[in-house]
Every structure is written in structure tokens, then in C-alpha cells.
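Student: Could you take me through one small part of this model in detail, and then tie it to the rest? I'd like the cut-offs as we go.

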Amino acid sequence: MIQGNYQKRITIEPGKRSGTPCIRGMRITVYDVLEYLACGMFEEEILEDFPELEKDDIRACLAFAADRERRLISGASL
């Protein structure tokens with residue numbers, strides 16, 4: 001559902017968190033969410049700790065990371 005359509009949820013603002021990709025203009029970064037997941041937190045735990053987040057926000061973070069990785073791989077093979 002979110003794949004490739006994360007742009008509606010992931011925002012980059014130069015004055016917010018030094019231009020780091022954030023979720024819907026909040027101060028929660030994509031990196032924060034990915035790190036929580038990598039440390040073993042379940043989606044439900046993240047949503048409980050950050051009630052302003054939605055499930056689609058977490059999926060958007062994963063889609064953003066996958067897209068960025070795809071771009072790195074594509075760029076390296078050129």
C-alpha cells in the first residue's frame with residue numbers, strides 16, 4: 001500500500017532536525033523509527049510509545065529506506 005508512496009508521510013525540512021527525513025512534519029525521524037525496529041521493538045510498542053504515529057508511518061519509513069537502498073545499489077552499478 002505505502003510502497004513508493006511514502007512521500008506523503010516522509011518530509012524533509014531544512015530547519016527541522018537539520019533536514020533529516022521526518023514523519024509528517026513531526027520531529028520523529030525515519031532513522032528513529034528504523035533504529036527502534038532494528039533494536040527489536042515491535043510496531044505495536046512504537047505506536048504505544050509514540051501515539052501520534054500511525055501504522056502507515058512505520059511502513060512509510062520502511063519504504064523510504066528500501067527506496068534509498070535501491071537508489072544506492074542502482075547508482076553503484078552505473
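Where is the place of S18?

Tutor: Quick ground rules before we zoom in. This is a predicted model, with residues numbered from 1 along each chain as its sequence is written, and local features need pLDDT of at least 70, while side-chain atom pairs count only at pLDDT 80 or more and totals for chains, interfaces and linings use all residues. Side-chain values use heavy atoms, with hydrogens and water left out.

Now, S18: you'll find it in the loop between β1 and β2 (22-23). Helices here are DSSP runs of H or I with at least four residues, strands are runs of E with at least two, and both are numbered from the N terminus. S18 counts as exposed because its relative accessibility is 72%; the scheme calls a residue buried under 20% relative accessible area, exposed over 50%, and partly exposed in between, using a 1.4 Å probe and protein chains only. Its backbone deserves a look too: S18 isn't a glycine, yet has a positive phi of about 60°. For background, most residues other than glycine have a negative phi.

S18 has company in that respect. R24 also shows a positive phi, near 45°, without being a glycine. R24 sits in the loop between β2 and α1 and, at 34% relative accessibility, is partly exposed.

Back in the loop that holds S18, there's E13, which lies between β1 and β2 as well. E13 comes out as partly exposed, at 33% relative accessibility. If you skip residues up to four places away in sequence, E13 touches G19 and G25, where a contact means heavy atoms within 4.5 Å. For a sense of reach, E13 and A66 are 53 residues apart in sequence and 21 Å apart in space, C-alpha to C-alpha.

Just ahead of β1 (10-11), in the segment before it, is R9. Would you expect an arginine to be tucked away? R9 is buried here, because its relative accessible area is 16%. Its side chain makes a polar contact with the side chain of E54, at 3.1 Å. That label takes a pair of N or O atoms within 3.5 Å; within protein, one must be able to donate a hydrogen and the other to accept it, and residues adjacent in sequence count only if both atoms are side-chain atoms.

A second side-chain pair of this kind joins D67 and Y6, at 2.4 Å. D67 is in helix α3 and counts as buried, given its 12% relative accessibility.

Y6 leads us inside. In the largest nonpolar core, which has 15 residues, Y6, I10, I23, I28, V33, L53 and C61 touch the most other members. Such a core is a set of buried Ala, Val, Leu, Ile, Met, Phe, Trp, Tyr and Cys residues joined through side-chain atoms within 4.5 Å. Helices α1 (30-38), α2 (43-49) and α3 each supply at least two of its residues, and α3 gives the most, with 5. V33 shows how the pieces meet: leaving out residues up to four places away in sequence, V33 touches I23, I28, I46, L53, I58 and C61. In soluble globular proteins, nonpolar side chains tend to be buried together.

What about the cysteines? The count of disulfides is 0, with the rule being a pair of cysteine sulfur atoms within 2.5 Å. For C39, the nearest cysteine sulfur is that of C61, 14 Å away; C39 is exposed, since its relative accessible area is 66%. C61 isn't in a disulfide either, with the sulfur of C22 nearest at 9.6 Å, and C61 is buried because its relative accessible area is 0%.

Zooming out, the protein has 3 helices and 2 strands, in the order β-β-α-α-α along the sequence. Its radius of gyration is 13 Å, close to the 12 Å the globule rule gives for 78 residues, so it is as compact as a globular protein of that length. That radius is taken over C-alpha atoms, and the rule is 2.2 Å times the number of residues to the power 0.38. The C-alpha atoms fill a box of roughly 45 × 30 × 25 Å along the principal axes. Of the 78 residues, 33% count as buried. Among contacts with a separation of 6 or more, 45% link residues 24 or more positions apart.
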